[in-house]
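The following exercises concern the ligand sites of a predicted model. Please examine the sequence and the structure before working through the solutions.

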Amino acid sequence: MPAIVLVGAQWGDEGKGKATDLLGSAVEYVVKFNGGNNAGHTVVIDGETYALHLLPSGILTPGVTPVIGNGVVIDLAVLFEEIDALEARGIDTSPLVISANAHVIASYHRVLDKVTERFLGKRKIGTTGRGIGPTYADKMNRLGVRVQDLFDEKILRQKVEGALELKNQILAKIYNRRAISVDEVSEELLRYADRVRPMVRDTSLLLAKALDDDQTVLLEAGQATLLDVDHGTYPFVTSSSATAGGACTGSGIPPTRVDRVVAILKAYTTRVGEGPFPTELHDDAGDFLREAGGEFGTTTGRPRRCGWLDAVIARYAVRINGVTDLVMTKLDVLTGLESIPVCVAYDVGGVRHDEMPMSQSDFHHATPVFEELPGWSEDISGCRRFEDLPKNAQGYVRAVEEMSGAPFSVIGVGPGREQTIVIRDLV
Ligand code: GDP
Ligand code: IMO
Ligand code: MG
């Protein structure tokens with residue numbers, strides 16, 4: 001049986017959590033392979049709303065084994081806060097499995113994330129302040145602390161000491177902050193060692209065996225294609241690989257076992273944090289999308305920047321991820337608009353670009369070339385079959401499909417699990 005990868009096609013918050021939840025009952029494993037508690041997934045089941053950050057969305061489905069893969073960075077305090085909050089609501093989190101190779105976010109990572117942003121001033125990234133970037137930087141610098149290090153105090157202290165040596169100089173001399181002691185950090189991390197130990201496994205081996213046993217593994221991305229550190233709008237990105245390639249390195253599942261790649265595309269575009277956004281709206285239409293779509297961050301509560309759908313980005317996401325199936329979310333939010341602009345190309349200094357411009361400065365100067373598609377006014381939140389949608393809503397989906405170059409298999413018409421049109425089963 002195959003591994004299925006699920007990614008975001010835009011700048012995040014496309015509704016990956018709902019899509020993962022939807023697939024939950026048809027898969028045995030749900031693996032989070034990148035990012036950490038910078039993610040925020042809202043899942044609505046029977047009118048109950050769950051906000052997940054670090055835990056894979058599969059945690060909400062009985063019978064699924066949720067896995068935190070090696071590519072994830074873990075804030076242990078957040079991990080147990082989330083586990084306790086779900087347990088208090090009657091969700092059984094005991095099947096959760098965590099990779100021994102996942103890296104750990106420590107207090108100095110959170111401090112550095114915040115002071116670096118302040119230091120950058122106008123050039124800031126607008127991070128979530130969760131310590132994500134500094135933790136991945138340590139991983140690449142070979143100064144990281146991994147989950148397995150928690151089980152050998154001597155090694156843990158050595159690693160923390162190595163990580164703090166230079167950082168304390170930087171904190172004290174450049175940022176004018178107090179130095180952080182090895183004792184303080186070691187104690188902070190060791191506090192969780194006993195509780196986390198039973199959850200820790202060789203997750204790559206576990207998943208390989210599951211695939212050998214004909215079980216289905218869903219690899220769920222945090223963030224999205226344009227926030228990917230390699231393929232996104234660098235430097236206004238997160239620090240991990242959020243695209244389909246990252247699913248393999250972040251889980252230890254080889255590319256030859258991935259059978260399908262599903263990308264979640266919101267019917268319009270949003271972005272949180274800084275960075276270029278060609279179709280961004282600064283007028284009433286932007287306010288309409290924000291209000292109608294409830295576009296306020298799950299993680300930081302920040303209002304999301306809103307704009308029309310960008311088909312250049314959709315096409316790019318299809319190419320970079322090798323998408324086999326698209327899921328359109330939030331089509332219901334567009335109800336009531338007379339006509340709906342979709343960006344089909346960019347104008348950069350008088351030159352038309354049908355593909356993502358190669359250079360950052362061209363993308364910064366890209367103005368959208370719009371095509372207008374006719375809107376609809378009927379409430380579509382109760383539609384359950386594609387044919388139930390008003391003709392113009394069907395036309396919108398079909399037009400975006402043609403522009404993107406991959407077929408839509410699922411359409412979301414509301415936040416609820418059941419508010420979904422399935423054109424083709426994903427599993
Ligand atoms: P994620 O980070 O990709 O998982 O997405 P978020 O959960 O941050 O943001 C998506 C929001 O849209 C959540 O509040 C979902 O409940 C909601 N949502 C998902 N699909 C739909 C849909 O088809 N229609 C509507 N109206 N809301 C949706
Ligand atoms: P989900 O999984 C939207 C953005 C931040 C910032 C940039 C870097 O819910 O789609 P970081 O803290 O990761 O170093 O911040 O990335 N960002 C997200 N935007 N959805 C997310 O996750 C995001 N995770 C990070 O706003 O611009
Ligand atoms: Mg989100």
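**Exercise 1.** Determine whether Asp-13 is buried, partly exposed or exposed, and classify Gly-40 in the same manner.

Solution. Step one: the relative accessible area of Asp-13 is 21%. Step two: buried requires a value under 20%, and exposed a value over 50%. Asp-13 is therefore partly exposed. Step three: Gly-40 has a relative accessibility of 12%, so this residue is buried.

**Exercise 2.** State which residues coordinate the magnesium ion (ligand 3), and locate them in the chain.

Solution. Step one: the donors are Asp-13, through OD, and Gly-40, through O, at 2.0 Å. Step two: Asp-13 belongs to the loop between strand S1 (3-8) and helix H1 (16-24), whereas Gly-40 belongs to the loop between strand S2 (29-32) and strand S3 (41-45). Step three: the pair is 27 residues apart and thus links distant parts of the chain.

**Exercise 3.** Describe the surroundings of ligand 2 and its polar contacts.

Solution. Step one: 20 residues surround ligand 2, and Lys-16, Asn-38, Thr-128, Gln-223 and Thr-238 come nearest. Step two: by class, this shell comprises six nonpolar, 11 polar and three charged residues. Step three: domain 1 (3-99 + 199-262) and domain 2 (103-194) each contribute at least three residues to the shell. Step four: oxygen atoms of ligand 2 lie 2.7 Å from a polar side-chain atom of Lys-16, 2.9 Å from a polar side-chain atom of Asn-38 and 2.9 Å from a polar backbone atom of Gln-223. Step five: of the 550 Å² of accessible area that ligand 2 has on its own, the protein covers 97%.

Methods. Residues numbered from 1 in each chain as written. Chains lettered and ligands numbered in written order. Predicted model: local features only at pLDDT ≥ 70, side-chain atom pairs only at ≥ 80, totals over all residues. Heavy atoms only, no water. Near = heavy atom within 4 Å. Polar contact = N/O pair within 3.5 Å; in protein donor to acceptor, adjacent residues only side chain to side chain. Areas by Shrake-Rupley, 256 points an atom, 1.4 Å probe, with all protein chains shown as cover. Nonpolar A, V, L, I, M, F, W, Y, C, P; charged D, E, K, R; others polar. Domains from an automatic or database assignment. Donors = N, O, S within 2.8 Å, 3.2 Å for Na, K, Ca; no water. Helix = DSSP H or I, 4+ residues; strand = E, 2+ residues; numbered from the N terminus. Buried < 20%, exposed > 50% of the residue type's maximum accessible area, 1.4 Å probe, protein only.
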